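Trainee: Can you walk me through this model? I'd like to start with the pocket.

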Amino acid sequence: MSSPFAARTSVEAVEEGMLLAPKFDAHGLIPVVTTDAATGEVLMHAYMNEAALLKTLEAGEAHYYSRSRQQLWHKGATSGLVQTVEQLLIDDDQDCLWMKVKVSGSGASCHVGYRSCFYRQISPDEGRVETDQPIALTFTETAKTFDPATVYGDAPNPTQL
């Protein structure tokens, strides 16, 4: 089966050409930054493999590759928080994607229940980095948009230690 992606034959073709020639890493993945199409808020960062990218293009809904579960993942298939693709961009050397989406339901994209996966900020350290104390985090979102236990039940948490 031939690939729907162009061959990466020259820097000029990759950077200035009119054909999609994504560069997947050694594990067959390409990073994706996903933002809210209306607000520009960063919702999440994930990865796609070739199958996930093709499925996203075909369906118009976000599909990712779950590194923890080692499988294709249709965002929202379990939670109902489907990400409809409004725009999909690729960077200059075609090794990173930026997806602008509209999220159904409560608008959340984080499996922990918050709107964004980026719900904490690294607190300013004010010169304390050299101490042996852990660096603190501060929540930027104070309320969850859904209860993960209700939505996911006994499904295994994808976060790995």
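Mentor: Sure, but residue classes come first: Ala, Val, Leu, Ile, Met, Phe, Trp, Tyr, Cys and Pro count as nonpolar, Asp, Glu, Lys and Arg as charged, and the others, Gly among them, as polar. With those classes, the lining of the largest pocket has 17 nonpolar, 14 polar and 4 charged residues. Keep in mind that this is a predicted model, where local features need pLDDT of at least 70, side-chain atom pairs count only at pLDDT 80 or more, and totals for chains, interfaces and linings use all residues. Residues are numbered from 1 along each chain as its sequence is written, and side-chain values use heavy atoms, with hydrogens and water left out.

Trainee: What volume does the largest pocket have?

Mentor: About 1,100 Å³. A pocket here is an open set of points on a 1 Å grid over the protein atoms alone, where a 1.4 Å probe fits, with protein on both sides within 12 Å along at least five of seven lines; lining residues have an atom within 4 Å of a point. The volume is the space filled by probe spheres set on the points, which are joined across faces, edges and corners.

Trainee: Which lining residues are closest to its centre?

Mentor: R69, W73, H111, P158 and T159, out of 35 lining residues. The elements giving two or more residues to that lining are β2, β3 (63–66), β4 (71–74) and α3 (148–152).

Trainee: How many helices and strands are there?

Mentor: The protein chain has 3 helices and 8 strands. These are DSSP runs numbered from the N terminus: helices are H or I, at least four residues, and strands are E, at least two. The order along the sequence is α-β-β-α-β-β-β-β-β-β-α.

Trainee: Take M44 in β2. Is it buried or exposed?

Mentor: M44 is buried, because its relative accessibility is 3%; buried means under 20% relative accessible area, exposed over 50%, and partly exposed in between (1.4 Å probe, protein chains only). Across the protein chain, 30% of the 161 residues count as buried.

Trainee: And what does M44 touch?

Mentor: Beyond its neighbours within four places in sequence, its contacts (heavy atoms within 4.5 Å) include V32, Y64, W73 and C117. The C-alpha atoms of M44 and R115 are 9.5 Å apart, though 71 residues separate them along the chain.

Trainee: What about H63 over in β3?

Mentor: H63 is also buried, at 5% relative accessible area. Leaving out residues up to four places away, H63 touches M48, A52, K55, T56, W73 and H74. H63 and W73 sit 5.5 Å apart, C-alpha to C-alpha, and 10 residues apart in sequence.

Trainee: Switching topic: which residues touch the most other members of the largest nonpolar core?

Mentor: V32, M48, L53, Y64, L97 and M99, in a core of 19 residues. The elements giving two or more residues to this core are β1 (30–36), β2 (42–48), α2 (50–59) and β6 (97–103). A nonpolar core is a set of buried Ala, Val, Leu, Ile, Met, Phe, Trp, Tyr and Cys residues joined through side-chain atoms within 4.5 Å.

Trainee: Last one: how many disulfides does the structure hold?

Mentor: 0, where a disulfide is a pair of cysteine sulfur atoms within 2.5 Å. For C96, the nearest cysteine sulfur is that of C117, 16 Å away.

Trainee: Why is C117 not bonded to C110?

Mentor: Because their sulfurs are 4.0 Å apart, too far for a bond. C117 is partly exposed at 32% relative accessible area.
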